[in-house]
Structure formats: C-alpha cells, structure tokens
Amino acid sequence: MKSIEPLLSVDRCAFLYVAEPYFLAQNAESAKQLKKSVTQLVAATDCPYLDLTAGRDEPIRQSVHTTVRAVSELRRSTMILIGGSLENAVTQIAIALLADGYDVFVAIDLVHAVDKNHTTVLLDRIRSYGGTITTKNQI
C-alpha cells in the first residue's frame, strides 16, 4: 500500500531553524542564507517559527529533549526543518519529533550537510522514520 504524504497546512505547521555552533562557525554564509530563507517563508505563510540557535551549548541528546518540549508549546502537528547540520541536529530532531507523532518535513534545499556524501543516507534515514523530504518551492 502506498503511503500518503501529510499535507502542509498553514494552521497546522511551524518552521524550525536548527543551527549548531560549529555549523554557524564554519558555514557563516550558508547559515545567513538559510536564515533569510526561513524568514521569507515565515512572512509568506504566517506560520510560527522556532529558532533553535540560542543557547545551543548543551549536548545533542539534551537539546533534542529541550527542542521537543519547545515544539509542543507551538501547538502545531507539522514541523518543517531548516538549517544545519544534517549529520547531527537536523536528523536527530526530525527522528525525535516523528517518534512523538509529529509530521516532519525536511526541505532539502534548506538544510546543510557538512559532508555532502552523507546527504542521501541521512535523508533516507529520516524517510525511513516517516519524514517527508521536500523543497522550498514545494512548501
């Protein structure tokens, strides 16, 4: 049976901008462009937006739990992830949210992998948990 992709609905979705400190330090221009894109999408859709860059000193396991709690306060069922790095925070947060029952979209042209060779494997991993891979234009 073919699975049905969840629908993106303005009244059910929110944007999550994820940026780890080393991603910001090593990819300042990419981070700036991704932040600009999420700002434009938020303005165009009027969806809530959670910036997960502040206070990112804690270990990834701790920050994932903190993120899931913060996301629940948005009272939305669909999350759209943007940012970097795909190797760590984006993938871990996507899987944690999927495990908690959220619909998760990852905009492939709005995430950054430190090592581009890992992109396919990481997106397949998110897909295997039920995540939807999309693009900025599809949003």
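**Salt bridges, strands and cores in a predicted model**

Arg 127 and Asp 124 form a salt bridge, with their closest N and O atoms 2.7 Å apart; the term is used here for a side-chain nitrogen of Lys or Arg within 4 Å of a carboxyl oxygen of Asp or Glu. This is a predicted model, in which local features need pLDDT of at least 70 and side-chain atom pairs count only at pLDDT 80 or more, while totals for chains, interfaces and linings use all residues. Residues are numbered from 1 along each chain as its sequence is written, and side-chain values use heavy atoms, with hydrogens and water left out.

Both partners of this salt bridge, Arg 127 and Asp 124, belong to helix 5 and sit 3 residues apart, about one turn of the helix. Helices (H or I, at least four residues) and strands (E, at least two) are DSSP runs, numbered from the N terminus. An α-helix has 3.6 residues a turn, so residues three or four places apart point the same way. Arg 127 is partly exposed, at a relative accessible area of 42%, and Asp 124 is partly exposed at 39%. On this scale, buried means under 20% relative accessible area and exposed over 50%, with partly exposed in between (1.4 Å probe, protein chains only).

The count of salt bridges comes to 2. Asp 51 pairs with Lys 35 in a salt bridge whose closest N and O atoms are 2.2 Å apart. Distant parts of the chain are linked by this pair, since Asp 51 is in strand 2 (residues 49-51) and Lys 35 in helix 2 (residues 28-45), 16 residues apart. Asp 51 counts as partly exposed at 27% relative accessibility, and Lys 35 counts as partly exposed at 29%.

The next stop is strand 3. All 7 of its 7 residues are buried, so strand 3 is largely enclosed by the rest of the structure. Its two faces are both covered: Thr 78, Ile 80, Ile 82 and Gly 84 are buried on one side, and Met 79, Leu 81 and Gly 83 on the other. Strand 3 runs parallel to strand 1, and 7 bridges join them; strands are taken to pair if DSSP finds at least two bridges between them. Within this pairing, Phe 15 has Ile 80 of strand 3 as its bridge partner. Strand 3 is also joined to strand 4, again in parallel, by 6 bridges. Here Ile 80 stands opposite Phe 105 of strand 4, and Gly 84 stands opposite His 112.

From strand 3 the chain crosses through helix 4 to strand 4, in a right-handed β-α-β crossover. Right-handed means that, with the strands pointing away from the viewer, the path from the first strand over the helix to the second runs clockwise. Helix 4 is largely enclosed by the rest of the structure, because 11 of its 14 residues are buried. Among its buried residues are Glu 87, Thr 91, Ile 93 and Leu 97. After helix 4 comes Gly 101, with a positive phi near 95 degrees.

Strand 4 is likewise largely enclosed by the rest of the structure, as 7 of its 10 residues are buried. Strand 4 also pairs in the parallel sense with strand 5 (residues 132-134), over 3 bridges, and the partner of Val 106 in strand 5 is Ile 133. A right-handed β-α-β unit is made by strand 4, helix 5 and strand 5.

What do these elements enclose? In soluble globular proteins, nonpolar side chains tend to be buried together. In this model the largest nonpolar core has 27 residues, and Leu 16, Leu 81, Ile 93, Leu 97 and Val 106 have the most contacts inside it. Such a core is a set of buried Ala, Val, Leu, Ile, Met, Phe, Trp, Tyr and Cys residues joined through side-chain atoms within 4.5 Å. At least two residues each come from strand 1 (13-19), helix 3 (60-72), strand 3 (78-84), helix 4 (86-99), strand 4 (103-112) and helix 5 (119-128). Helix 4 gives the most, with 8 residues. Another core, of 16 residues, lies apart from this one and includes Phe 15, Leu 34, Val 38 and Ile 80.

The structure holds 0 disulfides, a disulfide being a pair of cysteine sulfur atoms within 2.5 Å. The sulfur of Cys 13 is 3.1 Å from the closest cysteine sulfur, in Cys 47, which is too far for a bond. Cys 13 is buried, with a relative accessible area of 4%, and Cys 47 is buried with a value of 4%.
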